[in-house]
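Reader: I am new to this structure and would like a close look at a single part of it, described slowly and in connection with what surrounds it. Could you choose one strand and take me through its partners?

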Amino acid sequence: MEEKEMEQFDSVVVGAGHAGCEAALALARTGNKTLLLTISLDAIAFLACNPSIGGTAKGQLVAEIDALGGQMGIIADKTALQIRMLNRGKGPAVQSLRVQADKNAYHTEMKKVLENEPNIVIRQGEVTSIEIAGDKKIVTTQLGLKYVAKSVVFATGVYLKSEIIIGKNREKTGPNGFKNANFLSNCLQNLGIRLLRFKTGTPVRIHARSVDFSKMETQLGDENTLSFSTMTEEKVENKAICHLTYTTPLTHEIIRNNLDKAPAISGEIKGVGPRYCPSIETKVVRFADRERHQLFLEPEALDTQELYLQGFSTSMPADLQKEMVHSVVGLENAEIMRDAYAIEYDCIDPTQLKPTLELKTISGLFFAGQINGTSGYEEAGAQGIIAGINASLFNKNRPQLVLKRSDAYIGVLIDDIVTKGTNEPYRMMTSRAEYRLLLRQDNADVRLTEIGRSVGLVDDERYKKFKEKCKKIEEIEEILQKKVNTDEKLAKFFEKNGESVPKENLKFCDFLKRTNIDIFKINEEYHLFDSNYDNRLLEIVNTKIKYEGYIKQQQEEIDKMLANENVSIPEDFDYMSIKGLRVEAREKLSKIRPLNLGQASRISGVSPADISILSILVKKGKK
Amino acid sequence: MQQNTIVSIATPLGMGAISIIRLSGKDSLSIALKVFFAKNLDFETIVPRKMYFGNFKVAENSFEQCLMVFFKAPFSYTGEDIVEFQVHGGVLLAQKVLEQCLDAGAKMAEPGEFSKRAFINGKITLDKAEAIVGEINAESEGELMSSLQVTNGLLAKKILKAQEEIKLLLAEIEVGLDYPDETEETKLKNDIWQRMEKIKSELLQIVENSKSAKYLKNGINVALIGRTNVGKSSVMNALLGEERAIVTDIQGTTRDQIEASYVFEGIKINLTDTAGIRETKEVVESIGIERSKKSLQTADLVLFVLDGSETMSSDDKKIWQMLEERNANCLVVINKSDKPRKIEKFANEIEISALKNEKIDVLKKKINEMVIKNKIDFNKLVVTNERQFEILKNSLKLLEEILDNQFLNTTLDVLAMKLKQVWLTLGKITGNTENEDIIDLIFSKFCLGK
C-alpha cells in the first residue's frame, strides 16, 4: 500500500483505557485529527480492578487532570456511587477525594464523550506493528489496515503479551477475558526499546444476594459531598454503601496449608508485583503475626449485583478461592461470580522516556499509562493527558510541556519514573511529593489551569469559571484584611475558643493565626461572607492563611531547587569522559541523560558532589 | 543565576593570631551591616576595599572589636559581593561571628563553594576547573560517613541510628496519611513525642561532647574578673608560672586587656585579664563593669578574684551581682589565704595564695573540671569536623522547633514535613537521603493495600 492510499491522521493513540482516552481527548481538543485504536470497544475506560476513582494522592491527580482540561474528574463525578474525603482532620495537604464509581456507567459515559468528539475516529483493532518512515509513523492492525500519522501515543495498558494466572491455569488473554496484544511487544523491541515484565492482580467478584451484611460494618459516604471537577455544578449524591469485613484464622490456615499452590509464592509467577497491592497470600506470609486483615465489599455498578472484594487479590486455584472466601466473616455462603486472578504483562522501562513522555531515541513516539510501568487509573490518566498534550505540541512544532515536581503530582509521577525508573508497578503516594503542602487538591486549578489554557486544552467556559473563582478568593482575602476593634465581642470570641484575648487591634486574617480559630468560626460570629462564597472557597483561603509560614518555607525550597532545574544539560553531553565524576555517576547519567541539573540530582547514585562538578563542567562546555 | 549568600571561616581553625570570616553573595553587605557597626558606615557610604574598624555584635548588647572589608562584585575572589571580617584568633570568637552571620541569613558554604563560584563567574581560568573538581571531591570525601566510620565507628552508628529512628517515625506517619483505611492507626502523637525526645537527647549528648572535645583541641577561655588590688595579676602570673607562653598586650584594639595561655593536663587554657579596673572611683562602674561584661561573652569560665582579707566592697558586690545576673559559669577565687580571712563564704569557691604560690595546682585542676564536665574520649561521641558539627547543631535546632508547645496542634502533614527536614539534615552526614528508603520502609513494615 502506498503511503498516499493510507488513512492520514495527525496522531494515532493505541489503546483506549484511562491513559488513551485522556490522550485522545487532549489531542482532539487541541485540533488534531486523532485515531483511537482499541482492542475492544467494550474495553474503553474499563475499570478493570477497583470500582473506584481517587484516594490518597490519586485524588490530587484527578483534580490536576481536571484542571488541565481532562475528562476523568467529570466522568467520576457523574458516575459516583459513594463519595468520601479521606484524611479529614489530618491536614489539608493530605486530604484526598475518593469515589466509588459505577463501572458500567463510567465506561458508557467516557465512550459517549469520545464518540461525540468530532476530531476523534474510534476504531476497534489490534495494532501489530509500527514503522518509522522518515518523520511519519505507519501503524498496522492485525487485519492489515495501515494508518499514517505524525505522532503515536502508546497507551496499551496491561495488554502486551498478557497472561492471566489462576492456580496452575495460565491463559494468554487480557484482563477480564478481553483479547490481549501479542505482536506489539516484539515490534517495540525491534525498535530498540527495553521491556520489563510486571504483574498485578484483582480479587473475586461476589453476588450481593449471597452476602450476610448483618455481620459486617457499613461504610457510608460523606454528608457534605465534594466533587473532583470544578465543572461539576450539581451536588454529587451518595447512591450506595460499602461494607467492611475481616479474614479469620481459618482463612489464614487455608492459605498457609496451600502455599505450594500459590503461583506468586511458589515461583510460578515471574513478573514483579506491586508491594502496595499484595495478594492475600502474600499478606498472610509476610505479616504472619496479623490475626486478621480487613476487606471491603464495594458495589461494582448500580445495574448489577456484583460486589468487588477489596483486599482479597489472589492467584490461588479457583476451588481454593471458594474455600478462602467462605472463611471470611459474612461470606460463608458467598457465590463467586468472577474468579480472582493475577495478570502478567510487558511494559517498557520508563527511563527510556524524556520527561515529556516522548521516547528519547525516536521522536514522535509517546508512551502513557501502565505500559510505562505504573499502576492505577489516575496515574494512567495523568500520563495520558500529558502525552496527548505533548504529541499535540509536537505535531504543531511547539515546545513541549514538562510539569515540575513543584507544579503537580503529575510532575512528581513522571519525573520519578523517567528519572529513577521503577522495579514494580508505580503507584502515586503523597509521601513521594516533597512539596505536598503546595500540591493540594483544593488548589489544583490555581496551579494548572493557566498551563492548560496555554496549551489550548482549557476551553472558554472552564477558564471563565476559573477566573471567577480566583476573583472570589481575592475578595475573601480582601474582606479578611478588615481591621477589628478590640471590644467585648472580640474578647468573648477569643475566650470562647480558648485563645488569649489580643491586646491590640488586629485584622480578621490575624485571627486565623490562632490554632483554635478558623474562617467558619469567624463567619459565624461576624457574618462576613454571604452565600456567594461557598464553604469550599472559604476553606481554600483558610488553608492558605493558616499554612502561610509552611507554604513559604516550601516555596523557598522550591526556589532553591529551581536554580538547578534551570541549568539545562546539552543532550549530547559526554559524561563518560569526565574524570572527576565517580564511575557509578557517569554510567547512571549516561543512561538517563537528564534534561537539567535538577533532574540529574534526583538520579539515585548521583551525589551532591557529582552535581557540583557537573554544574561546573556544564558551564565550562557552554563557554 | 540567583545564589545564596554563603559564609565560612576562611582561616584554619585554632591557629594564627587572627581569624577571617568570609561572606560571598548578593546579600553579603546587608548581612554584614546587620552584625557589624562602625562610624560613618552604611549601605550608601561604604567604600569598597577599605578596611573599617568597628564593633561586631556577638550577642544581644555585646560587641567585639573587628575589622571589616567589602569587595564589590565583580572585583572580588568569587566575582560576587564579598565581605571579610577579621577578628582575634581563637576558635570561639570566630565561631560566634560565623553563627551571627548564619543567623542573619547567610548559609554555610558547601565544600569548595567559594572556588566554584569564582569559576562560574569567570574569575578562575578554565584549566583550573579540574583542580576545583579535586577540591570538591576531597572536601566532600572528608565529610562522608565513611570517613566518620573509619575514625569513629560508635559515633557513626549513633548518628545512623538516630536517622533510622526518624525514618521509622516518618514511615509511621506516612502510612497513616497514605492509607487512611488501615485499622492500625499510626501511633499516638505522645508516642512520637517521646521517641523524638529520645533522639533529641542523644544528639544533644553528641553536641555537648563535641563542645568538650573542642576545648581539648582549641583550649578553654578563662576570664579573670575583679577590682584592682585583689591580686588578679598575681593570680594570673601564678597560673602562668614558668610555663608562661605568650603574653600579648594588644595595642589599640583591646587596650588594657592581657591575654596569655598555659597548658595543664594537656589542655590549653587561654587567660584574659581585664586589667582595666584601676581607674578613678567614678568610672569604675562604667569602664570596669563594661569590660568585665565583655570578656564574659567569649569566656567558658570566669574566675572572680576577691581579697579574702577584706570584706566585700561595693565594687565587688556590683561585679558579683552582674555575674549572677548573667548566670556565668563562675569560680570564686579567694586570694591572700596567707592572711586572716574576713570575707564571707561562697558556694563555689577556692582559697589560694598567689603570693606564696599555695594551692595553685588545685585551682588549675578545678578550672579544667569546671569546663570539661564530660570526660573526653576521642574515640567516643565526638564530632571534630566543623561541618558535621554544624549539621548536628542544625538538626538539634529543628528537633527543638518541632517539640515546642504547638506540637499537639501540628497536623500530621506539617509534622511529616518538619521531621523530614531533620532526616535530610542528618542525611548530609550519613549520605542517606533517598526518599525511596522511606517508601520501602512503609511497605516492609506495614501491611497495606487492597
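Author: What follows is a walk around strand β9 of chain A, with a look outward at the end.

The model is a predicted one, and its chain A is assigned four domains, of which domain 1 is made up of residues 3-157 + 354-454. Strand β9 of chain A covers residues 146-154, and it is mostly covered, since 7 of its 9 residues are buried.

The pairing of this strand can be followed partner by partner. Strands of a sheet pair through backbone hydrogen bonds, either parallel or antiparallel. Strand β1 of chain A, residues 7-14, runs parallel to β9(A) and is joined to β9(A) by 7 bridges, and within this pairing S11(A) has S151(A) as its bridge partner. Strand β8 of chain A, residues 136-141, pairs with β9(A) in the antiparallel sense over 4 bridges, with K137(A) bridged to A149(A). These two strands, β8(A) and β9(A), form a hairpin in which 4 residues lie between them, and G144(A) in the turn has a positive phi of about 85°. A further partner comes from a later stretch of the chain: strand β19 of chain A, residues 365-367, is parallel to β9(A) over 3 bridges, and there F367(A) stands opposite F154(A).

A residue outside the strand gives a contrast in burial. E131(A) belongs to strand β7 of chain A, residues 127-133, and its C-alpha atom is separated by 9.5 Å from that of V148(A), 17 residues apart along the chain. E131(A) is partly exposed because 13 other C-beta atoms lie within 10 Å, whereas a residue needs 20 or more to be buried.

From the strand one can move to the nonpolar core. In soluble globular proteins, nonpolar side chains tend to be buried together. The largest nonpolar core here has 177 residues, and V153(A) is, with A23(A), one of the residues with the most contacts inside this core. Both domain 1 and domain 2 of chain A contribute at least three residues to this core. Beyond its neighbours within four places in sequence, A23(A) is in contact with residues that include V13(A), V153(A), A155(A), A368(A) and I385(A). A second, separate core has 47 residues, and its members include A609(A) together with V7(B), V83(B) and C101(B).

A smaller piece of chain A can be set beside this picture. An open sheet of 3 strands has the order β3-β5-β4, with antiparallel pairing. Its edge strands, each pairing on one side only, are β3 (52-54) and β4 (80-86) of chain A, and neighbouring strands are turned by 20° against each other on average, direction ignored. Between β3(A) and strand β5 of chain A, residues 96-101, there are 3 bridges in the antiparallel sense, and S52(A) has Q100(A) as its bridge partner in β5(A). Helix α2 of chain A, residues 58-68, lies across β3 and β5 and runs at about 85° to β5(A).

Finally, domain 1 of chain A can be placed against domain 4 of chain A. Their centres, taken over C-alpha atoms, are separated by 30 Å, and 5 residues of domain 1 are in contact with 8 residues of domain 4. On the domain 1 side of this contact, the residues divide into 1 nonpolar, 1 polar and 3 charged.

How values were computed:
Residues are numbered from 1 along each chain as its sequence is written. Chains are lettered from A and ligands numbered from 1 in the order in which they are written. This is a predicted model: local features need pLDDT of at least 70, side-chain atom pairs count only at pLDDT 80 or more; totals for chains, interfaces and linings use all residues. Domain bounds come from an automatic or database domain assignment. Two residues are in contact if their C-beta atoms, placed from the backbone, lie within 7 Å. Ala, Val, Leu, Ile, Met, Phe, Trp, Tyr, Cys and Pro count as nonpolar, Asp, Glu, Lys and Arg as charged, and the others, Gly among them, as polar. Two strands pair if DSSP finds at least two bridges between them. Axes are lines fitted to C-alpha atoms, for helices over the stretch in contact, and angles run from 0 to 180 degrees between N-to-C directions. A nonpolar core is a set of buried Ala, Val, Leu, Ile, Met, Phe, Trp, Tyr and Cys residues joined through C-beta atoms within 7 Å. A residue is buried if 20 or more other C-beta atoms lie within 10 Å of its own, exposed if 12 or fewer, and partly exposed in between; C-beta atoms are placed from the backbone.
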